[in-house]
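Look through the structure below before reading on. The paragraphs that follow take it one part at a time.

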Amino acid sequence: MKPNLNNILLDAYIRDINQARKQYFTQKKFTKKKGKEIKRYCLSVLNSESNYKNFELKGHDVTKMVIAVCDTHFGEKIIMCNTFIFAKGVSAESVKHEIKQIKSFDSTKKLPLFISVLASDLPMLKIMESLGYNPWSYNLVGKVDDVLSRLKVPDNSPEFIVIIPSKRSISELVQGEKAAHQSEATSCVGKWSKKKEAECIKHYRQWLKAKMVVAVKSKNKIIGALAVMGVGSNGHIGTIWVHPKFQGNGISKMLYQAGLQKMKEKKYVDFTGHTSTTKVLNYAKKINRKIFLYNFKI
Ligand SMILES: CC(C)(COP(=O)(O)OP(=O)(O)OC[C@H]1O[C@@H](n2cnc3c(N)ncnc32)[C@H](O)[C@@H]1OP(=O)(O)O)[C@@H](O)C(=O)NCCC(=O)NCCS
């Protein structure tokens with residue numbers, strides 16, 4: 001590759017992510033295909049006027065790189081900003097400045113903004129803390145086999161049965177998800193809206209079509225569900241919920257077990273998930289899932 005500006009930035013970006021991956025994933029480097037995909041994505045961000053970017057170079061050395069990409073999750077905007085690369089160290093002042101710039105760049109100002117920081121980026125995490133930001137949500141990573149071996153699933157009870165729901169269950173699943181999140185003070189899903197419901201239906205359509213949902217039934221009613229997704233060797237938990245009336249009975253452990261077995265069938269080695277729910281975080285520690293990204297509301 002010729003050392004033009006974009007190529008220098010892309011290389012620095014990939015190097016930084018691979019460095020961070022070393023700490024968390026079994027497969028240390030991205031596959032060539034995934035690497036190419038990321039470069040394409042990164043290039044589209046660098047070339048797009050609708051994303052925020054700022055960088056400094058000393059010769060071919062990238063001393064600073066910020067690319068802020070707006071994405072949405074359950075109707076909230078997420079700014080992927082885990083791309084502060086400063087070879088010479090970060091300062092609270094410069095981070096404050098970048099956050100101000102990112103905020104002013106967001107012309108709609110209608111939804112809250114989040115920025116994500118890699119857990120391995122300790123200087124950046126310290127700075128966020130010194131600026132008074134508390135993490136709003138977390139992305140977790142674990143190894144499929146390892147977590148499966150640590151789950152303490154309750155003994156089989158005839159009352160609770162694990163099933164693979166069909167497309168006909170979609171409204172039951174969406175309503176269950178809504179009830180579960182509405183009852184959870186620490187869930188980052190927040191207030192339910194028509195928009196959120198539409199997004200939820202869209203997700204379930206895809207997951208059900210791919211037969212990637214596992215659910216637990218009691219007396220012929222779905223009382224909890226978990227959805228699995230994945231690319232290459234990396235799986236992802238798209239959602240997990242248990243109906244408030246049935247919480248605290250180990251149902252989520254049954255769901256994790258069934259979901260992780262599905263991941264094993266798909267040959268996923270590591271798996272990620274996103275949460276703000278205290279119960280999930282507490283349990284995550286017990287089963288050796290680690291925090292990978294900290295998401296801050298800015
Ligand atoms: C999070 C949720 C799925 C847990 O389901 P559950 O079936 O009630 O959980 P389980 O009974 O299987 O318990 C699993 C672990 O969660 C933790 N946990 C469950 N209830 C808890 C409580 N009241 N307080 C603290 N920790 C709790 C515990 O660590 C528990 O394992 P342990 O008892 O061996 O320590 C459920 O509370 C829920 O649907 N919440 C709302 C939706 C949501 O926030 N989903 C998560 C999105 S990432």
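**A helix with two sides**

In helix H4, which covers residues 122-130, Met-124, Ile-127 and Met-128 are buried. Viewed down the axis of H4, these buried residues fall within an arc of 100°, so they line one face of the helix. The spacing fits a general rule: an α-helix has 3.6 residues a turn, so residues three or four places apart point the same way. Leu-122, Lys-126 and Ser-130 lie on the other side of H4 and are exposed. This is a predicted model, and the positions discussed here are those of the prediction.

What do the buried residues of H4 pack against? Their partners are helix H3 (92-105), strand E4 (114-118) and strand E11 (290-297). Just after H4 comes Gly-132, which takes a positive phi of about 90°.

Positive phi also turns up elsewhere, in residues that are not glycine. Most residues other than glycine have a negative phi. Asn-220 has a phi near 70°, and Asn-220 is found in the loop between strand E7 (213-218) and strand E8 (221-231). Is Asn-220 buried or exposed? A residue with 12 or fewer other C-beta atoms within 10 Å counts as exposed. Asn-220 has 6 such atoms within 10 Å, and is therefore exposed. The other case is Asn-288, with a positive phi of about 65°, in the loop between H9 and E11. Asn-288 is exposed because it has 12 other C-beta atoms within 10 Å.

Trp-207 gives the opposite result. This residue lies in helix H7, residues 194-209. A residue is buried if 20 or more other C-beta atoms lie within 10 Å of its own; Trp-207 has 21, so it is buried. Leaving aside neighbours within four places in sequence, Trp-207 is in contact with Met-212, Val-213, Ala-227 and Gly-238. Lys-167 is 40 residues away from Trp-207 along the chain, yet their C-alpha atoms are separated by 9.4 Å.

The last part to look at is the ligand. There are 22 residues around the ligand, and Gln-247, Ser-252, Thr-275, Thr-277 and Tyr-283 come nearest. Which elements supply at least two residues each to this shell? They are helix H6 (170-182), strand E9 (234-242), helix H8 (251-265) and helix H9 (278-286). H9 gives the largest share, five residues. Sorted by class, the shell has seven nonpolar, ten polar and five charged residues.

Note on methods:
Residues numbered from 1 in each chain as written. Predicted model: local features only at pLDDT ≥ 70, side-chain atom pairs only at ≥ 80, totals over all residues. Helix = DSSP H or I, 4+ residues; strand = E, 2+ residues; numbered from the N terminus. Contact = placed C-beta atoms within 7 Å. Near = placed C-beta within 6 Å. Nonpolar A, V, L, I, M, F, W, Y, C, P; charged D, E, K, R; others polar. Arc of directions from axis to C-beta.
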